[in-house]
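Biologist: Could you take me through one part of this model slowly, piece by piece? I'm new to this, so please explain the terms as you go.

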Amino acid sequence: MSEKVAMARHNYDVVVIGAGGAGLRAAVEARSAGLRVAIICKSLFGKAHTVMAEGGVAASMGNVNENDGWKVHFRDTMRGGKFLNHYRMAELHAKESPDRVWELELWGALFDRTKEGKISQRNFGGHEYPRLAHVGDRTGLELIRTMQQKIVAMQQADKKEFGDAESYLKVFAEVTITDILKENGKVAGVYGYRREDGAELLFEAGAVILATGGVGKTFKITSNSWEGTGDGHALALKAGGNLVDMEFLQFHPTGMVWPPSVRGILVTESVRGEGGVLTNNLGERFMFKYIPDVFKDKYADNEAEADRWYTDQDNNRRPPELLPRDEVARAINSEVKAGRGSPHGGVYLDVSKRLSAEVIKKRLPSMWHQFYELAGVDITKEAMEVGPTCHYVMGGVEVEPDTAAAVGAPGLFAAGEVAGGMHGSNRLGGNSLSDLLVFGRRAGVGASEYVKHNQPVKVSELTIKLASEKIAAPFKRTGGENPYTLHQELQEITHNLVGIIRTKSELADAISKIEDIRNRIENVSVAGDRLFNPGFHLSFDLDNMLLVAESTAKSAIVREESRGGHTRDDFPKMNPKWRTLNNIASFNGKEVVVKQQPLPVMPKKLFELFEVNELEKYLTSDELAKGGR
Amino acid sequence: MSKKLTLKIWRGNASQGGLKEVEVEANEGEVVLDVIHRVQATQMGDLAVRWNCKAGKCGSCSMEINGKPRLACMTQVASFADGEAITVTPLRAFPVIKDLATDVSFNYKKAMEVESFTPPADLKPGEARMAQVDVERSQEFRKCIECFLCQDTCHVIRDHEENKKSFAGPRFFIRIAELDMHPLDILKNRKKKAQAEHGLGMCNITKCCTEVCPEHIRITDNAIIPLKERVVDEKYDPIRWLGSKIQKREGII
C-alpha cells in the first residue's frame, strides 16, 4: 500500500452527515437559508434506510377524524414513551408535523387520498385516531424520493442562477466520516474517506449536522440495513457530546422469522392496522391476555368488541394488536417462550381472513411481494410467521429541543434517529418519519443560525495528520483479526445478553465481553487495498458499533426497572423514581461512563392536557402535587 | 439443509478482471446476496458488492446473475437447478469500479436533466385536492427503487456508449411520465421534451425494461407508449398540431 494517499479539501458552511429523511430535510433548510451545504452519504444517493419505512408518517391533520389535533398526538406520544420523552420535543413534533407533511406535497409527493381528495390517514398502534399519511406500504420511499428530487430541483435553480448545479449544494455519495474535527472546543469540520477508492477527504465547516440514523447492525436480528452502525452516535461521543437513554431499543414485534436469510426483515405494522390478528399455535388470539393496566380503558378485552372497532371506532375500544410496539413484542416473546410459538419460533399474523386478496394487494403490496418472493407464502391466503426484530433506537445524542444542537459540542447538531429524547422509552409507529421531518428542518435552521453567529474555525495540520493516520492504520497491521468475525461475535453478545429481556448478570457479562472485543479491535487488519474494500469499511463501522453496544449495556445495567424498550427480568415493573431520570452516556477517551440526570419537568400548560388518573400511573405523588412547573 | 454451491464471481477493476470460481455453502431459503456475503466474510474480505436493505426496497444490489440483470437480494438460490453454477457479474451498461460495483453516476446526471416538479405558484400547503384514481397513475412510477436494471438492460445504451449522451433511458422516461401525469404539475411540453431532449424516439419498445423491473412497473405500456403516442399525435396530425398551437398546451385532446 502506497504511503501517499490523495486528500481533497472542501469548504462548506454546513456539512450534513447522512442522506436519509432527516439529513435531506436539514440540507434543504440550510440551503434555503442561503448557505453552502455538503450532504455526505455512506451509500448511493437515495438508498438510505428511510426507504424501508413502510406504514406512514404521523401528523394530526384530522383528514379522517376531525377530532384529531396536536394535543391528542402529543398525549399519545408521551403515553407511548411512558412519559420519559423530552416534553418539548414531543410538543414541537406534534405541533409541526402536519406542516411538514403538507409541504412535501408541494415538492411532488403523492400520498394516498381520502374520498374528499385530502391526504388519507391510517390507524396505527398507540395513535388514538387514524393519523398516518401513507403511500401504500412504501411511505419511506416516497419521502426519500421527494426530498431527493427537491435537492435536485434546488440544484437546477442554482445552475440557472450561478452556472453550476453544485455551487451551493453538493451530494458526496459513498463517503464514510471517521472523525468530527474540533479546534479550541468547537466543531471545525469532518474527516473521512471515499468508499470507492479510499481517497481521503477533509471538509472544513462551521457546523456539522448528524443525521446518521440507527444502530441495528449492532444486533444479530434486525430490520436495519448495513448502514445502521451507529456512526453518528459514536462520532458525537468522541466529539464530546452525550448519548441519552441508550438502553431503550425498540424491538419491532413483527419481523420475518423464516427462512433464516430473511430473519428480521420488517413486516409493517400496517398489517395489524388493516385488521391483521396475532395468534399462537393453539389458534388463540393471545393479545387479550397482555393488555397492561395503564391501557385497559383504551383497548378491547374481547374479540367481538375488537372486531367491531374496525367499522365503528367511536363506540368500541381498539384491538390489542394495536398496543404500542414494546407491549406487543414482549407478548410475542412470552408466547414463544411458553412453547406456544409457530414452527420457526414466531407467532402467526393473519390478514387473509379480514380482507379480500384484492384489497391486501392494494394496501399492502410490498408485504405481499416480500412474503411471496422470499418465503413462498401467499399472505392473501395464509398466515405469516413473525417475531421481534431490532428496529429502532430511542436513545441518542442529547440535543437542545428547539435547535437540535448537541449538548456539549458547540457546532454539532443531530436530528432523526441519531438524536435522543423525542420518543422516551418507546417510539410509536409513524412518529419516526414525522420526527425526521420536524427535527431535520429544525437542525437545518439551528445550524444556519449558528454559522451566521460564529466564525468558522481553521482545522490545524496536526488534527488532519491524526485523522489521516487513523484511516491508514488497518492496512499497517498484518495477521490481525478478521473484522467480519469480530462483528459476528459482537452481534451474538448483544443478541444474547442485551436483547429484548435483560438481567443484571447477563449485562455485566456483556460489558466485559464488549471490552474484550474493544481490545482485540486494536489488532484488526484488512486484506486488499483501498479500492472499494468492504473489509476496510467494516473495520471503522465496528469501532462505532462497539461504542454503541457499550453505551447500551452500561445504561441498561443501571436502570433497575422495566419501561418501554428496556425490560429487566430482575426488575419487571416500572419504577416512578426512574421516570424522573435520564441516563447520560459520555466517553472519556477510554470507556463509556454513564451518569443520571433529572428529566426536564413538564410545564403546567402541557401537564394539564392529561387526566390526573392517567398521570397517577406514571408520576410520583410529589410530581402530581406540583402539577408541572 | 445446506448444500455446496459453485459460484463464479467476476473480480477485477476498471482495467482488468475475470471470473473466479469458489465453492460455498448455501442454506435453505437463501438468496444470492447471502451466498456472496458468505464468500466475503470467509474467503474474499475485500470483495466489492453494493447492498443496503436486503429486502428488495432500496435497489442497491443490482448485478447480472447468469447474464440477467437482477437484484441479488431477491434471487433465490433455489431458483437454480442443483449442480448448476451461478455466475455473478457487474452491470454491463456501466463502467466497473471494482468486482460487482459499477459507476452508476450516468443515472444521477440524467436525473439532473429532467425538469423538476412544478406546482402552481399559488398552491398553499394543505390545500391540494386530488382523487385517488388520479394519483395512482403517477404512483405506479414512483414505486421505482432506482435499481437501474432497466437502464442496464436497455439495448440502446447497453452496448452503445455513444448513445448515452442523447438517451435518458427507461428510468427517466417513467420519471417524465410521472410528472406529466402528476395532477399538480403545470409544466407543459414534457412529452415533446422527452422526444427532443431525452431521446424517447430511440426506444423501439422491445419491453426489455419492463421484464427486468423488480417492482413490476409497466414501463413500456404505461409510460413509454403513452408518451410516444401523444408525441406522434401532435407531430403528425395537423388538426391536433393546430390545436396545440392555439391552446399552447398538449395532451388535452
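Modeller: Sure, let's begin with two strands: β10(A) and β17(A) run antiparallel and are joined by two bridges. One bridge sets V244(A) opposite I584(A), its partner in β17(A). Before we go on, keep in mind that this is a predicted model: local features need pLDDT of at least 70 and side-chain atom pairs count only at pLDDT 80 or more, while totals for chains, interfaces and linings use all residues. As for names, residues are numbered from 1 along each chain as its sequence is written, and chains are lettered from A and ligands numbered from 1 in the order in which they are written.

The strand and helix labels come from DSSP runs, numbered from the N terminus: a helix is a run of H or I with at least four residues, and a strand is a run of E with at least two. Two strands pair if DSSP finds at least two bridges between them. Strands of a sheet pair through backbone hydrogen bonds, in either a parallel or an antiparallel way.

Now step back to the whole sheet. It is open and has four strands of chain A in the order β15-β10-β17-β18, with antiparallel pairing. At its edges are β15 (396-397) and β18 (592-598) of chain A, each of which pairs on one side only.

Next, look at β17(A), residues 581-587, and its other partner. β17(A) and β18(A) pair antiparallel over seven bridges. Among the residue pairs, L581(A) has P598(A) as its bridge partner in β18(A), and N583(A) stands opposite Q596(A). The two strands form a hairpin with four residues between them, and there G589(A) takes a positive phi near 100°.

Is β17(A) buried or exposed? Five of its seven residues are buried, so the strand is largely enclosed by the rest of the structure. To sort this out, we count other C-beta atoms (placed from the backbone) within 10 Å of a residue's own: 20 or more means buried, 12 or fewer means exposed, and anything in between is partly exposed.

What lies across this sheet? Helix α15 of chain A, residues 534-558, lies across β10 (243-244), β17 and β18, and runs at about 50° to β18(A). That angle is taken between N-to-C directions, from 0 to 180 degrees, using lines fitted to C-alpha atoms, for helices over the stretch in contact. Contact here means that the C-beta atoms of two residues, placed from the backbone, lie within 7 Å.

α15(A) turns up again in the largest nonpolar core. That core has 259 residues, and those with the most contacts inside it include V14(A), I209(A) and F413(A). α15(A) gives the most to this core, with eleven residues. A nonpolar core is a set of buried Ala, Val, Leu, Ile, Met, Phe, Trp, Tyr and Cys residues joined through C-beta atoms within 7 Å. Try clicking on F413(A): leaving aside neighbours within four places in sequence, its contacts include A207(A), I209(A), L210(A) and A443(A).

Another helix worth finding is α5(A), residues 231-238. Seven of its eight residues are buried, so α5(A) is largely enclosed too. H233(A) and L235(A) are among the buried ones. Just after the helix, G240(A) takes a positive phi of about 100°.

α5(A) also matters when we look at domains, whose bounds come from an automatic or database domain assignment. In chain A, domain 1 is 39-146 + 160-200 + 211-249 + 392-461, domain 2 is 253-390 and domain 3 is 474-570. The centres of domains 1 and 3, taken over C-alpha atoms, are separated by 24 Å. Across their boundary, 31 residues of domain 1 are in contact with 26 residues of domain 3. On the domain 1 side, β7 (175-183) and α5 are the elements that give two or more residues. α5(A) gives the most there, with four.

Last, the other chain. The contact between the chains takes 52 residues from chain A and 49 from chain B. On the chain A side, α3 (87-106), α4 (139-162), α10 (365-374) and our old friend α15 each supply at least two residues. α4(A) gives the most, with eight.
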